[in-house]
Number of protein chains: 2
Amino acid sequence: MSVTFAKGFTAAGVVAGISATAGKKDLALVVNNGPLKAGAGVFTTNRFCAAPVQWSRDVVKDGTVDAVILNSGGANACTGVEGYEQSVKTAETVGELLGCDAHDVAVCSTGLIGELLPLDNVLAGAREAYAALDDTVSSGEDASQAIMTTDTKPKTVTRLGSNGFRIGGMVKGSGMIAPQLATMLCVITTDAVVSAQQLQAALSAAVDTSFNRIDVDGCMSTNDTVILMASGASGIEPDPDEFNGIVANCCAALARQIIGDGEGSSHDIKITVNGATDEDAALACGRAVAASNLLKCAISGNDPNWGRIVSSLGTVPVDVAPYDPDQVTVDVNGVRVCDGGKPGHDRSEVDMTPREIDIVIDLNSGDATATVWTDDLTHEYVHINADYES
Amino acid sequence: MSVTFAKGFTAAGVVAGISATAGKKDLALVVNNGPLKAGAGVFTTNRFCAAPVQWSRDVVKDGTVDAVILNSGGANACTGVEGYEQSVKTAETVGELLGCDAHDVAVCSTGLIGELLPLDNVLAGAREAYAALDDTVSSGEDASQAIMTTDTKPKTVTRLGSNGFRIGGMVKGSGMIAPQLATMLCVITTDAVVSAQQLQAALSAAVDTSFNRIDVDGCMSTNDTVILMASGASGIEPDPDEFNGIVANCCAALARQIIGDGEGSSHDIKITVNGATDEDAALACGRAVAASNLLKCAISGNDPNWGRIVSSLGTVPVDVAPYDPDQVTVDVNGVRVCDGGKPGHDRSEVDMTPREIDIVIDLNSGDATATVWTDDLTHEYVHINADYES
């Protein structure tokens, strides 16, 4: 369903011959048919950001986005002036097909860094996708499949507002996932009547509590892009708070799906830090724990090794997160394995069979809380990333 | 040879029954027989530091260290008041045996976090080690074997000063190795006549450019301890600069051995950052690259994936390391794979057969330089840390 759930949007996903995997759908097009053409975006902060990111950051600036074209099979990152011209040429081609300004066409790429795209294939694919545009369930599904790389399944979301407006979205992301945007491409569409300014505010807030709080491997990408477009086709002006809440909910659901499909993962790890002096302190502690390779290996071996949790907590500077180590408790799947900085229940009491592992840390130093997500670190992650050129 | 190379020191390593591996040497004792009893130490900054670290930090404060007792098989970290009392009791026992103040006996532990030591075994082992103390080559070797955990080989160093004073050392460390002390226990001995103050200055500077610049898995330990003792038994007062240089050289050699024995590693990765505005900028860039799981996986697959190098560089904030991404070059084993932020030579030209992989990054923004070391990330690392309880 994904991006075609909201009225006013058409989409397509086609085999353009960009991906090294023969026959894989690798080019998606999502078009906003209006009447509103409002758009907003959030992008990677990586200083080596890819050509399509440089282009699309400019596209969203005026709040108008007519379409997004996305490809897997190549990141078009670290490709210099020639790479940037490929992104421009792609947007120009879509603009000509749709009869809109190229500067209202966002471009997203994902795949191997440091190689130019096969531009003829991209442009031919754009024309083919244009011809295939439709507002059906399957056209939305085709688009969500075309952006996959190491993803094992498409990731989509749909939500219905209380007075009938719709939001739908798709995301790709599996590895090179770190806070400050997980490595991903994401397109969210809505038929609500919402200004570009409100879209941007809703999206920035939503990303901050979703994609910025998941971490598969601590590696920040050069290509992260999240685009939110409103067509206004429902004619419904939503309550702003409800709208913001649903956008946040969509991003959280998509982020959760990324963790569920983290490269080679066998456990999804939810890390909640309670009792912090403020949210930043809670987040810093959660991220330190989520970044621990040793903990991630232990979880893959079904070992609720709380020593690796507290040793990660202990790396957070005291001025960032004031707490007393002797007051800290750690629960894993409901069993208090660390109590007041010392051993609690024996870790053999923890049931590690569920895919989702629930780690709750209480710093006992305040009232603030934050939750971050990560995956375990498995043989399969190493296999994928030793052998996959990305 | 290790700690018994310098005159005035005796050592022993015995099977005390602390380690889960039956018959493994797991308790070491290193004694300074003087005439000088000067000592200095550097410890983990982890806020969940282990009981022996809390004890030994106090021991070195007055500049006098008579002996160091070290055990593998248990970290005695996050063990509360009872754990602290175990460290005190251990030091008191050694003090009684040697006829010295317990407050001049440093204690080091390594192994699983969150469990008390089998204290009776530790104290019986201390007595046995005391009885076995000797200044022979083999007694030094016994000590270096007794501190091993996942290490596959003992790690030792010896150096001779120009006018005849001696320095020797031993270290353990293989996993939970991150900058700001790699996870390790290290004892260095010298027969030079050097004040405690000079020992501390030499050691702090040496650690900063050695153990603080290696990173196996980004995980900081609760137990890191480096102790440097001087017996003065040679009667030689060394040139201070030469002495500092040799201490730095010993620490660098031991740090290099840790990287060479990093858990499951198949490549040692040397990352040199040149052309930085200052050393801190160079270090920040080097550490960001060394921390990349994706790069470490690529290297284990013999792929000189420079996209994963620059995407890590790109996460360093501009105020920490000012540079222009379009001016950055990356050489892997002498082949310039990234030139001016764009593809250079094809990465197939890089010979990845050597164990040591030499990555040289030029930021082209200044004259400062720094080198950090890491290991690749392999199936074997995951295996060790999913199955080994540490």
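**Two chains around an axis**

Let us begin with how the two copies sit in this predicted model. Chain B can be laid on chain A by a turn of 180° with a shift of 0.0 Å along the axis, and the fit has an RMSD of 0.0 Å. The two copies are therefore related as by a two-fold rotation axis. If you would like a landmark for that axis, look for His379(B): its C-alpha is the one in chain B nearest the axis, 2.6 Å from it. Both copies use the same surface, as 100% of the contact residues of chain B recur in chain A.

Now turn to the contact itself. Chain B contributes 55 residues and chain A contributes 55 residues. Between them, about 4400 Å² of area is buried, with 60% of it coming from carbon and sulfur atoms. On the side of chain B, the residues that lose the most area to chain A are Arg47(B), Phe48(B) and Leu294(B), which together account for 19% of what that side buries.

Which elements of chain B give two or more residues to the side that touches chain A? They are the helices α8 (293-300), α9 (306-313) and α10 (379-387), along with the strand β14 (342-343). By residue type, the side of chain B that touches chain A divides into 27 nonpolar, 21 polar and 7 charged residues.

Finally, consider the pairings that cross from one chain to the other. The rule finds 0 salt bridges across the interface of chain B and chain A. Polar contacts do occur there: 11 residue pairs are counted between the two chains, with both residues at pLDDT 80 or more.

Note on methods: Residues numbered from 1 in each chain as written. Chains lettered and ligands numbered in written order. Predicted model: local features only at pLDDT ≥ 70, side-chain atom pairs only at ≥ 80, totals over all residues. Heavy atoms only, no water. Contact = heavy atoms within 4.5 Å. Buried area = accessible area lost by both parts, 1.4 Å probe. Salt bridge = Lys/Arg side-chain N within 4 Å of Asp/Glu carboxyl O. Polar contact = N/O pair within 3.5 Å; in protein donor to acceptor, adjacent residues only side chain to side chain. Helix = DSSP H or I, 4+ residues; strand = E, 2+ residues; numbered from the N terminus. Nonpolar A, V, L, I, M, F, W, Y, C, P; charged D, E, K, R; others polar. Least-squares fit on C-alpha atoms with pLDDT ≥ 70 in both.
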